Amino acid sequence: MNHLIRLILLAFAISACSVVEVEDIDNENAEINFDSTFPNSAIDVDAYLLGGESRTWTTLEFTIDGVNGFQNCRLDDQIQLNSDKTYNYDGGDMLCGAEDDQKLKSGIWEVDVDNRILTFDAGTDQEAIFHIESLDAEEIVVRSQYYSWEVLGKFTHE
């Protein structure tokens, strides 16, 4: 997950997280707050996602089934989306384990504007599909599933 979620989301971001023990988890049932906004056109979607030729998204918040804390390994993830529909993912210094065992990844991405779906590596065994809950000029919020758990990530850019 660290790779895809960060990619943003992209990326963000998002194949898997191993559960690690944390002595004290604050915000046990933390929620990510956001306004459900979405651009009116495909041109605006690309403008927000790319900001020109490319844009690097970083993780602001990340939850798995509303639990916050043990997935802090996602908070140093970054994903660069490029206008040629490729991405570069950096899982950061803290990898989550399981499928998230590779710091750097790259691949292709696409967005289905009508259905608000962001897909990474479509048609491959690494395919990751995210529903875009919110997208504006400053941040994106995506939702996905990891096994039976709901995953929600909020990302921003510089």
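Strands here are DSSP runs of E, at least two residues each, numbered from the N terminus. Two of them pair if DSSP finds at least two bridges between them. With that in place, one hairpin can be described. It is formed by S7 and S8, with two residues between the strands, and Tyr147 in this hairpin takes a positive phi near 55°. The model is a predicted one.

**Overall make-up**

The protein chain holds two helices and eight strands. From the N terminus on, the order is α-α-β-β-β-β-β-β-β-β. The chain has 158 residues, and 46% of them count as buried. Its accessible surface comes to about 7,800 Å². Carbon and sulfur atoms account for 44% of that surface.

**Strand pairing**

Three pairings are set out below.

| Strand | Partner strand | Sense | Bridges |
|---|---|---|---|
| S1 (residues 54-64) | S2 (residues 78-82) | antiparallel | five |
| S1 | S8 (residues 149-157) | antiparallel | seven |
| S7 (residues 139-146) | S8 | antiparallel | eight |

S1 pairs with S2 and also with S8. S8, in turn, pairs with S7 as well.

Individual residues fix the register. Between S1 and S2, Ser54 stands opposite Asn82. Towards S8, Thr63 has Leu152 as its bridge partner. Glu61 stands opposite Lys154 in S8. Val141 also stands opposite Lys154.

**Strand S8 and Lys154**

How many of the nine residues of S8 are buried? Seven are, so the strand is largely enclosed by the rest of the structure.

Lys154 is found in this strand. Is Lys154 buried or exposed? Its relative accessibility is 10%. Buried means under 20%, so Lys154 counts as buried.

What surrounds Lys154? Leaving aside neighbours within four places in sequence, Lys154 is in contact with Ile32, Asn33, Thr58, Thr59, Leu60, Glu61, Glu139, Ile140 and Val141. Two of these contacts, Glu61 and Val141, stand opposite Lys154 in the strand pairing. Thr59 is another residue in the contact list. Thr59 and Lys154 are 95 residues apart along the chain, yet their C-alpha atoms are separated by 6.1 Å.

**In brief**

S8 runs antiparallel to S1 over seven bridges and to S7 over eight. Lys154 lies in S8 and is buried at 10% relative accessibility. Opposite Lys154 stand Glu61 and Val141.

Definitions and conventions: Residues are numbered from 1 along each chain as its sequence is written. This is a predicted model: local features need pLDDT of at least 70, side-chain atom pairs count only at pLDDT 80 or more; totals for chains, interfaces and linings use all residues. Side-chain values use heavy atoms; hydrogens and water are left out. Helices (H or I, at least four residues) and strands (E, at least two) are DSSP runs, numbered from the N terminus. Buried means under 20% relative accessible area, exposed over 50%, partly exposed in between (1.4 Å probe, protein chains only). Contact means heavy atoms within 4.5 Å. Accessible areas come from the Shrake-Rupley method with a 1.4 Å probe; for residues, only the protein chains shown count as cover.
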